[in-house]
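This briefing sets out the features of a protein model for use in computational work. The topics are charged pairs, backbone geometry, nonpolar groupings, overall architecture and model confidence.

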Amino acid sequence: MRRIVRSMSHDHGAHAHTVAADADGRKLAAALALIVCFMAVEVAAGVVAHSLALLSDAGHMLTDALAIGCSLLALRLAARPARGAMTFGFKRAEILSAQANGVTLLVLSAFVAYTAVRRLFDPPRVDGGLILAVALAGILVNLAAARMLARANRRSLNVEGSYRHVLTDLYGFIGTAVAAGVILLSGFQRADPLVSLLIAGLMAHAGIALVKASGRVFMEAAPEGLDPRAIGEALVGAPGVVEVHDLHVWEITSGFPALSAHVLVGADSDCHAARRTMEAMLHERFGLDHTTLQVDHRGGALLEIAPAGRQAHY
């Protein structure tokens, strides 16, 4: 009876990933608790003070809470082992979470910008003292949350999405505090919607970055910093290699690049030794560990039946 056996190195890697995910999960949960508690306070203060800046910050904090909640769920899903049809497990759940975070930032930024423009023409009177007090408290809370998330694995696009939510909110509170100071010193009520426009711009910038980065993963583009042409040239420069084609470099999830290629070696070359040499080179030079190299001798029968119109050779 034949069996499919996973290697011990894979098991150790999965265990290390689970331990790291648990550590990140604890940091995300602590940040979530801080944000939810403060969000309730901010909503009440925004209603009492008639401040759009506070209410927009509270809305952003709601998306922060949802983003971190999605990140926690995605971490749990991504830690599940591969089985059945899910041969890579649920690792891309983290990318889905990051994309959802980016989209919510874009939607919220549009809503805040629309409301702020309306209030520029008809600004309500706001309580500058209360806004300043809440904004200063918000700076402290978001500093604490941002510090927690900064210590997590930010190479994960999922964690990075939550971090950008919190960091954008921190900048928003700083702007709100400045607006409150302007209102207290000069009575210029339009400072509140002007700051809201700034917050909307920060949200849009963070949202676009997240949607773009997660979109690259879903479109299976080569990871940032990995040039397929340079990799192809390095492969074809390996001892005994005469041709490389069907080269694909993509990212399964954050920090998990993968490569596959068809490599032809000389008729007298040891194809197994060539494969081991190329795998070691890919690890050392490009940090690629998940590689699939189909190595054949040049002039074999496989070439005679291969379809025309292959990709450009390196």
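**Salt bridges and overall picture**

Glutamate 224 and arginine 216 are joined in a salt bridge, with 3.5 Å between the closest N and O atoms. The model is a predicted one, and four salt bridges are found when the whole structure is searched. The protein contains nine helices and three strands, and 43% of its 314 residues are buried.

**Charged pairs**

- Within the pair described above, glutamate 224 counts as exposed because its relative accessibility is 65%.
- Its partner, arginine 216, has a relative accessibility of 30% and therefore counts as partly exposed.
- A salt bridge also links glutamate 220 to arginine 92, where the closest N and O atoms are 3.8 Å apart.
- Glutamate 220 belongs to the loop between α6 and α7, and arginine 92 to the loop between α2 and α3 (93-121), so this pair ties together parts 128 residues apart in sequence.
- Arginine 92 has a relative accessible area of 23% and is therefore partly exposed.
- Arginine 164 forms a salt bridge with glutamate 160, and here the closest N and O atoms are 3.0 Å apart.
- Both arginine 164 and glutamate 160 lie in helix α5; they are four residues apart, about one turn of the helix.
- Glutamate 160 counts as buried because its relative accessibility is 11%, whereas arginine 164 is partly exposed at 28% relative accessible area.

**Backbone geometry**

- Most residues other than glycine have a negative phi.
- Glutamate 220 has a positive phi of about 60 degrees, although it is not a glycine.
- The position of glutamate 220 is in the loop between α6 and α7 (228-236), and with a relative accessibility of 44% it counts as partly exposed.
- Aspartate 246, also not a glycine, has a positive phi of about 50 degrees.
- Strand β1 (residues 241-253) contains aspartate 246, which counts as partly exposed at 23% relative accessibility.

**Nonpolar cores**

- Nonpolar side chains tend to be buried together in soluble globular proteins.
- The largest nonpolar core has 24 residues, of which Ile35, Ile68, Leu149 and Val166 touch the most other members.
- Two or more residues of this core come from each of α1 (8-49), α2 (52-78), α4 (128-150) and α5.
- Another core lies apart from the largest one and has 23 residues, including Val244, Leu247, Val263 and Met281.

**Nonpolar surface patch**

- Tyr171, Ile174, Val178, Val182, Phe188 and Leu194 form a nonpolar patch on the surface, and their accessible area together is about 500 Å².
- Helix α5 (residues 157-186) supplies four residues, the largest share of this patch.
- Phenylalanine 188 is located in the loop between α5 and α6 (191-218).
- With 39% relative accessibility, phenylalanine 188 counts as partly exposed.

**Architecture and surface**

- Along the sequence, the elements follow the pattern α-α-α-α-α-α-α-β-β-α-β-α.
- Of the contacts between residues at least 6 apart in sequence, 73% join residues at least 24 apart.
- About 16100 Å² of the protein is exposed, and carbon and sulfur atoms supply 63% of that area.

**Model confidence**

- The mean pLDDT of the protein is 80, and a value of 70 or more is reached by 85% of its residues.
- Residues 1-17 have pLDDT under 50 throughout, and the model gives them four contacts beyond four places in sequence.
- Residues 302-308 have pLDDT below 50, and this stretch has four contacts in the model beyond near neighbours in sequence.
- Where pLDDT is low, the predicted coordinates should not be read in detail.

Terms used: Residues numbered from 1 in each chain as written. Heavy atoms only, no water. Patch = residues over 30% accessible without salt bridge, like charges linked within 9 Å, V, L, I, M, F, W, Y side chains within 5 Å. Areas by Shrake-Rupley, 256 points an atom, 1.4 Å probe, with all protein chains shown as cover. Salt bridge = Lys/Arg side-chain N within 4 Å of Asp/Glu carboxyl O. Buried < 20%, exposed > 50% of the residue type's maximum accessible area, 1.4 Å probe, protein only. Contact = heavy atoms within 4.5 Å. pLDDT = per-residue confidence, 0-100. Core = buried A, V, L, I, M, F, W, Y, C linked by side-chain atoms within 4.5 Å.
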